[in-house]
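Visitor: I should like to learn how to read the features of a structural model. May we go through some of them together?

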Amino acid sequence: MGIKKEIKRPRGTRDFTPEEMERREHVENLIKSVIESYNYRRILTPTFEHSELFELKSGEEIREHMYVFEDKSGRKLCLRPEATASICRMFAQTLRKERLPLRLYYSYPMFRYERPQKGRYREFWQIGIELIGSERPEADAEVIDIAVNSLKRIDLNFILEIGHMGILREFMKELGIRDDIQPHLITLIDKGDLDKVGRIVDNKKFLELIQLNGHMDVLDDAEALLDEYKRALESLENLRSILYWLKILDIDYRINLGIGRGIEYYTGMVFEIRIPELGAQSQVCGGGRYDNLIELFSGIRVPASGFAFGFDRIMDAVELQGIDIPEKRVDVVIAPTNQNMREDALKIASHLREYLSVDIDVMNRKLGKILEYADEINARFVIIVGPEDIREESVTIRNMDTGEQRRIEIKEIMNFIQ
Ligand code: HAM
């Protein structure tokens with residue numbers, strides 16, 4: 001017996017088996033194909049950044065959960081907890097001369113030091129988009145449209161809720177709530193802790209507003225509540241025009257003016273998508289408009305809007321809603337009948353690999369064992385390469401689904417396997 005040292009993976013991280021990766025990739029590709037069909041282009045930003053990047057504007061929720069460390073030169077770095085701040089930094093540093101609007105997307109892991117539970121991990125994947133350069137409601141509508149259509153492409157059922165940070169912020173300003181208290185208050189609103197909110201803001205209209213939840217008529221109720229608060233009303237008009245575009249796009253939504261989002265940089269429309277079957281961690285997507293974040297890094301005001309999917313939660317929802325994902329199968333297992341046939345078998349394999357996935361024995365197994373193996377890994381076809389076949393420039397091919405087996409010429413293989 002060798003010496004065994006047991007090392008487990010860190011808390012809040014996961015290993016993904018080949019089967020799981022195939023399922024994840026299939027779903028990821030569906031989302032990517034939707035995003036790319038709107039002309040978004042993929043980018044990559046560093047896995048770690050200066051901590052300051054996220055400390056500035058990402059808010060309490062993210063700040064508290066950052067993986068911060070010092071490198072050997074004493075720089076304070078952190079593993080990225082989200083990508084929007086990184087992309088704004090990238091815009092200021094690398095993309096500021098590009099023609100606007102810029103349509104960018106990413107698909108990679110984020111890191112948050114949270115208490116792990118179902119649907120909440122310390123390393124988790126996001127797929128997100130950022131639409132940079134437009135302050136128009138059409139841009140917000142496009143962002144929501146992409147989120148909705150991605151989930152529809154997967155065949156998921158979900159609930160879309162839309163709010164507006166401008167309304168909350170302007171209302172708070174008019175009520176005289178200090179700037180430094182606002183982020184904390186928004187976090188409390190987001191958590192639905194109305195008792196605490198009520199202790200800070202003693203205003204009935206405000207408390208009613210954040211509990212409004214419904215369809216288009218909610219906006220009239222909001223208007224009645226807001227009539228004295230001019231600037232908040234302007235934000236409401238802005239939300240109205242976003243909803244106008246969403247109606248054109250035929251999107252079913254609910255308005256929820258109590259959406260606070262845990263992140264500080266939002267300035268306008270915000271939205272969340274939930275899948276109730278997921279239980280406590282039901283939010284699969286969050287996003288909104290952030291018109292001041294790029295300015296913080298670049299000095300120029302560039303409006304932007306975007307969202308991120310929690311990809312792991314989407315995968316859980318795919319499972320829970322019983323969505324069928326086609327199993328990935330190897331096309332061919334090549335089975336030489338004896339050692340002397342190996343060279344021919346290898347030649348056929350390398351030829352077929354131009355078109356198909358091909359597995360060949362590397363264990364020096366006998367024919368019977370190779371057939372068993374092909375059956376177990378669920379191969380589509382087995383190609384048996386024996387001396388008599390080769391003499392006639394042929395092979396014996398077996399369809400593993402039907403059991404049908406016959407001899408065909410090597411040059412006919414591709415016609416047989418479709
Ligand atoms: P966020 O709401 O913090 O937004 O994260 C987006 C999604 O990531 C959440 O809705 C959730 O599904 C998933 N998520 C968050 N934390 C975890 C976790 N610990 N484990 C598993 N999934 C998690 C953002 O990050 C913004 N950057 C989105 C955005 C892009 N806004 C504008 N552009």
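Visitor: How should one read the accessibility of R240: buried, partly exposed or exposed?

Guide: This is a predicted model. Burial is judged by relative accessible area, with under 20% counting as buried and over 50% as exposed. R240 has a value of 22%, so R240 is partly exposed. E237, at 39%, is partly exposed as well.

Visitor: What links the side chains of E237 and R240?

Guide: A salt bridge requires a side-chain nitrogen of Lys or Arg within 4 Å of a carboxyl oxygen of Asp or Glu. E237 and R240 form such a bridge, at 3.3 Å from N to O. Both belong to helix α11 (residues 230–248), and because they are three residues apart, about one helical turn separates them.

Visitor: Which residues are joined into one network by salt bridges that share partners?

Guide: The network consists of E135, D140, R289, D291 and R301. In total, the structure holds 39 salt bridges.

Visitor: Which parts does the salt bridge between E49 and R89 tie together?

Guide: E49 is in strand β2 (residues 48–50) and R89 is in helix α4 (residues 84–95), so the bridge connects parts 40 residues apart in sequence. The closest N and O atoms of E49 and R89 are 2.9 Å apart. E49 is buried, with 6% relative accessible area, and R89 also counts as buried, at 19%.

Visitor: Are R178 and D180 buried or exposed?

Guide: R178 and D180 are both exposed. Their side chains form a salt bridge with an N to O distance of 2.8 Å.

Visitor: Where do negative charges gather in a patch?

Guide: A patch takes in residues with over 30% relative accessible area and no salt bridge. On the surface, E19, E20, E22, E25 and E327 make up a patch of negative charge. One of them, E19, lies in helix α1 (residues 18–37) and is exposed, with a relative accessible area of 53%.

Visitor: What is the relative accessible area of F171?

Guide: The value for F171 is 0%, so this residue is buried. F171 sits in helix α6 (residues 165–174). From F171 to M315 the separation is 144 residues in sequence and 38 Å in space, C-alpha to C-alpha.

Visitor: How is the chain divided into domains?

Guide: The domain assignment gives domain 1 (18–320) and domain 2 (332–417). The centres of domain 1 and domain 2, taken over C-alpha atoms, are 52 Å apart.

Terms used
Residues are numbered from 1 along each chain as its sequence is written. This is a predicted model: local features need pLDDT of at least 70, side-chain atom pairs count only at pLDDT 80 or more; totals for chains, interfaces and linings use all residues. Side-chain values use heavy atoms; hydrogens and water are left out. Patches are made of residues with over 30% relative accessible area and no salt bridge: like charges are joined within 9 Å, nonpolar side chains (Val, Leu, Ile, Met, Phe, Trp, Tyr) within 5 Å. Accessible areas come from the Shrake-Rupley method with a 1.4 Å probe; for residues, only the protein chains shown count as cover. Lys and Arg count as positive and Asp and Glu as negative; His and the chain ends are not counted. The place of a charge is taken as NZ of Lys, CZ of Arg, CG of Asp or CD of Glu. Helices (H or I, at least four residues) and strands (E, at least two) are DSSP runs, numbered from the N terminus. Buried means under 20% relative accessible area, exposed over 50%, partly exposed in between (1.4 Å probe, protein chains only). Domain bounds come from an automatic or database domain assignment.
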